[in-house]
Structure formats: structure tokens, C-alpha cells
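The following note sets out, point by point, what can be read from the coordinates of the model under review. It is intended to be read alongside the structure.

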Amino acid sequence: MESTDYYSDRKFCAHCNQYVPYLMSVDKSYCASCGNEVRLFSKEDWSSFHQTILERRPKGGRPRKNQQNKETA
Ligand SMILES: [Zn+2]
């Protein structure tokens, strides 16, 4: 029973302008049909993906000073 995820074995080829089956190299992947380098997401998908991360990121790191609310004498 094959349960291959569609996007798991396809990447976006900017040349073909669609998600295509690809060939894996050492650190890069190439379109199986045109041979150009493919990326995991299209530009639009990537920007929305990236935006999601930025929005999730907690804003501003609060430097924690020694909290001495309770004074134990
Ligand atoms: Zn291609």
C-alpha cells in the first residue's frame, strides 16, 4: 500500500513553475524534467511560510533580572 505524500516527493521548479518530481544531489535537488534547481517551496509558499514563523516568534526578549518580589528576611 503506497501512502506517498504528494509534496513529500515533489519540489517547486521555478523553471517549470510547478511542483515536480526531483532528483536529489548531495545538498541540492534538481527538476527531473528540466534539470534546473528546485526548491522546497514556491516563492509564494515560502514567504507565507516564513511569515508564519515570524508571527509565531515571541516579540522581544525580556532580560530577566533577579526577581525579588518576596523579601525573605
Ligand atoms: Zn523544471
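1. Two strands are taken to pair if DSSP finds at least two bridges between them. With that term in place, L23 stands opposite Y30 in β3. The pairing of β2 with β3 is antiparallel and rests on three bridges, and a hairpin of four residues links β2 to β3.

2. The model is a predicted one, and its confidence should be stated before further detail. The mean pLDDT of the chain is 80, with 77% of the residues at 70 or more. Among the elements, strand β3 (residues 29–31) has the highest confidence, at 93, whereas α1 has the lowest, at a mean of 84.

3. As to overall composition, the chain contains four strands and one helix. Read from the N terminus, the order of elements is β-β-β-β-α. The four strands close into a barrel in the order β1-β2-β3-β4, with antiparallel pairing. From one strand to the next, the twist averages 65°.

4. The pairing of β1 deserves separate description, as two partners are involved. Strand β1 (residues 10–13) is joined to strand β2 (residues 18–24) by four bridges, and the two run antiparallel. On this side, K11 stands opposite V20 of β2, and F12 has Y19 in β2 as its bridge partner. Strand β1 also pairs with strand β4 (residues 37–39), again in the antiparallel sense, over two bridges. Here F12 stands opposite R39 of β4, while C13 stands opposite V38 of β4. F12 thus has a partner in β2 and another in β4.

5. Which residue in the turn between β1 and β2 has a positive phi? The two strands form a hairpin with four residues between them, and the residue in question is N17. Its phi is near 60°, a positive value in a residue that is not glycine. Most residues other than glycine have a negative phi. N17 lies in the loop between β1 and β2, and N17 counts as exposed because it has 9 C-beta neighbours inside 10 Å, where the limit for exposed is 12 or fewer.

6. Which residues make up the largest nonpolar core? There are five in all: F12, C13, Y22, C31 and V38. Of these, C13 and V38 stand opposite each other across β1 and β4. Over the chain as a whole, 8% of the 73 residues count as buried.

7. Y22, a member of that core, has contacts in several parts of the chain. With neighbours within four places in sequence left aside, Y22 is in contact with R10, K11, S29, Y30, C31, A32 and V38. Two of the core residues, C31 and V38, therefore appear in this list by the criterion of C-beta atoms within 7 Å.

8. Is Y30 buried, exposed or partly exposed? Y30 is found in strand β3 and counts as partly exposed, because 17 C-beta neighbours lie inside 10 Å. Outside its neighbours within four places in sequence, Y30 is in contact with Y22, L23, S25, G35, N36, E37 and V38. Y30 and V20 are 10 residues apart in sequence, and their C-alpha atoms are 9.4 Å apart.

9. Helix α1 (residues 43–56) has 14 residues. From its first C-alpha to its last, the helix reaches 20 Å, close to the 20 Å expected at 1.5 Å a residue. How many of its residues are buried? The count is zero, and the helix is hardly covered. This is also the element with the lowest confidence in the chain, at a mean of 84.

10. A last point concerns contact range. Among contacts between residues at least 6 apart in sequence, 16% join residues at least 24 apart.

Terms used. Residues numbered from 1 in each chain as written. Predicted model: local features only at pLDDT ≥ 70, side-chain atom pairs only at ≥ 80, totals over all residues. Expected span 1.5 Å × (residues − 1). Buried ≥ 20, exposed ≤ 12 C-beta atoms within 10 Å, placed from the backbone. Core = buried A, V, L, I, M, F, W, Y, C linked by C-beta atoms within 7 Å. pLDDT = per-residue confidence, 0-100. Axes fitted to C-alpha atoms, helices over the stretch in contact; angles between N-to-C directions.
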